[in-house]
Amino acid sequence: QGTADAVRQYLWLFEEHNVMEFLILAGDHLYRMDYEKFIQAHRETNADITVAALPMDEKRATAFGLMKIDEEGRIIEFAEKPKGEQLKAMMVDTTILGLDDVRAKEMPYIASMGIYVFSKDVMLQLLREQFPEANDFGSEVIPGATSIGKRVHAYLYDGYWEDIGTIAAFYNANLGITKKPIPDFSFYDRFAPIYTQPRHLPPSKVLDADVTDSVIGEGCVIKNCKINHSVVGLRSCISEGAIIEDSLLMGADYYETEADKKLLAEK
């Protein structure tokens, strides 16, 4: 039914573990965060719930759920995609959360990233006793917790973050890694690597092809073609004469056989 309901269904499993907090994450976001620092901030502020917050300028702020904080960084108000005067009312001093003066003037709003740290007992209490019918963390449980006096704090994350839950956002995020000289997001970080599922495929083979500003996945065969500003997924076979630009190719689950190619040609 929603994020909170999904967690509620598995409380019987979570409460078996002798832990102090639960870290709630989303599966359709692209970012790189040190969760240890996130959890440490939660403990240092003695919070019941800590919400990861992204600084926003006025242009982007209207598309997000915004939060207002007091001088201690405690969340006191929420507004979903506000505009006009309601938007201006959600302005905050983001230096409280760690931004410098220049960045704080550029980014006077904070948006929820949909990433949370809950103290264990608080989460069990909220989902079972106080909001047993609530389906969503962001629009129901978190604002509700604030209204009944729980300590809900914001934790600033000032880095790349994208919700890639739509086709357009997924496409743009993929092509963003081909930008030069600096991509929107880099997977080539020695100290914070991001691993993908190992598939044990051979290296990609490029034969007489013109490939520029692109990312090529594993196990591809690329022959006598042109590829520009594109992401080519694993096991892609691109033949003579093809021109691929500004494209995202998802790749394939298996290689085509000669019989497959013949059948496709007949169609």
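In this predicted model, the lining of the largest pocket receives at least two residues from each of β2 (29–31), α9 (167–176), β11 (215–216), β14 (231–232) and β17 (248–249). The space within the largest pocket amounts to about 1,100 Å³, and among the 30 residues that line this pocket, Asn174, Ile177, Phe187, Thr196 and Val215 are the closest to its centre. When the lining of the largest pocket is sorted by class, 21 residues are nonpolar, seven are polar and two are charged.

The protein is divided into two domains, of which domain 1 covers residues 3–163 and domain 2 covers residues 205–266, and the C-alpha centres of domain 1 and domain 2 are 42 Å apart. Both domains take part in the largest pocket, since domain 1 and domain 2 each contribute at least three residues to its lining. According to the UniProt record, an unreviewed entry, the feature "domain: Nucleotidyl transferase" is placed at residues 2–179. Over residues 2–179, the chain is 38% helix and 25% strand, with 35 Å between the end C-alpha atoms.

The second largest pocket holds about 770 Å³ of space, and of the 32 residues lining this pocket, Ser112, Met113, Gly114, Tyr116 and Gly138 are the closest to its centre. Two or more lining residues are given to the second largest pocket by each of α1 (3–8), β4 (65–69), β5 (75–80), β6 (109–119), α8 (137–147) and β8 (161–163), and α8 gives the most, with five residues. By class, the lining of the second largest pocket consists of 18 nonpolar, seven polar and seven charged residues.

Three of the strands that contribute to the largest pocket, β11, β14 and β17, also form an open sheet, in which the order is β11-β14-β17 and the pairing is parallel. In this sheet β11 and β17 are the edge strands, each of which pairs on one side only. The parallel pairing of β11 with β14 extends over two bridges, and Ile216 stands opposite Val232 in β14.

A further open sheet of three strands, again with parallel pairing, has the order β10-β13-β16. The edges of this sheet are occupied by β10 (210–212) and β16 (243–245), and because each of these strands has a single partner, one side of each is left without a neighbour in the sheet. On average, and with direction ignored, neighbouring strands of the β10-β13-β16 sheet are turned by 0° against each other. Strand β13, which comprises residues 226–228, runs parallel to β16 and is joined to β16 by three bridges; Asn228 stands opposite Glu245 in β16.

Two backbone features were found in the loop between α9 and β9, a strand that spans residues 205–207. The peptide bond that leads from Lys180 to Pro181 is cis, with omega near 5°, and Pro181 is placed in this loop between α9 and β9. His200, although not a glycine, has a positive phi of about 55°, and His200 is likewise placed in the loop between α9 and β9.

How values were computed
Residues are numbered from 1 along each chain as its sequence is written. This is a predicted model: local features need pLDDT of at least 70, side-chain atom pairs count only at pLDDT 80 or more; totals for chains, interfaces and linings use all residues. Side-chain values use heavy atoms; hydrogens and water are left out. Two strands pair if DSSP finds at least two bridges between them. Helices (H or I, at least four residues) and strands (E, at least two) are DSSP runs, numbered from the N terminus. Axes are lines fitted to C-alpha atoms, for helices over the stretch in contact, and angles run from 0 to 180 degrees between N-to-C directions. On a 1 Å grid over the protein atoms alone, a cavity is a set of points where a 1.4 Å probe fits but cannot get out, and a pocket is an open set with protein on both sides within 12 Å along at least five of seven lines; lining residues have an atom within 4 Å of a point. Grid points are joined across faces, edges and corners, and a volume is the space filled by probe spheres set on the points. Ala, Val, Leu, Ile, Met, Phe, Trp, Tyr, Cys and Pro count as nonpolar, Asp, Glu, Lys and Arg as charged, and the others, Gly among them, as polar. Domain bounds come from an automatic or database domain assignment. UniProt positions are given in the numbering used here, feature names are shortened, and annotations may be inferred rather than shown by experiment.
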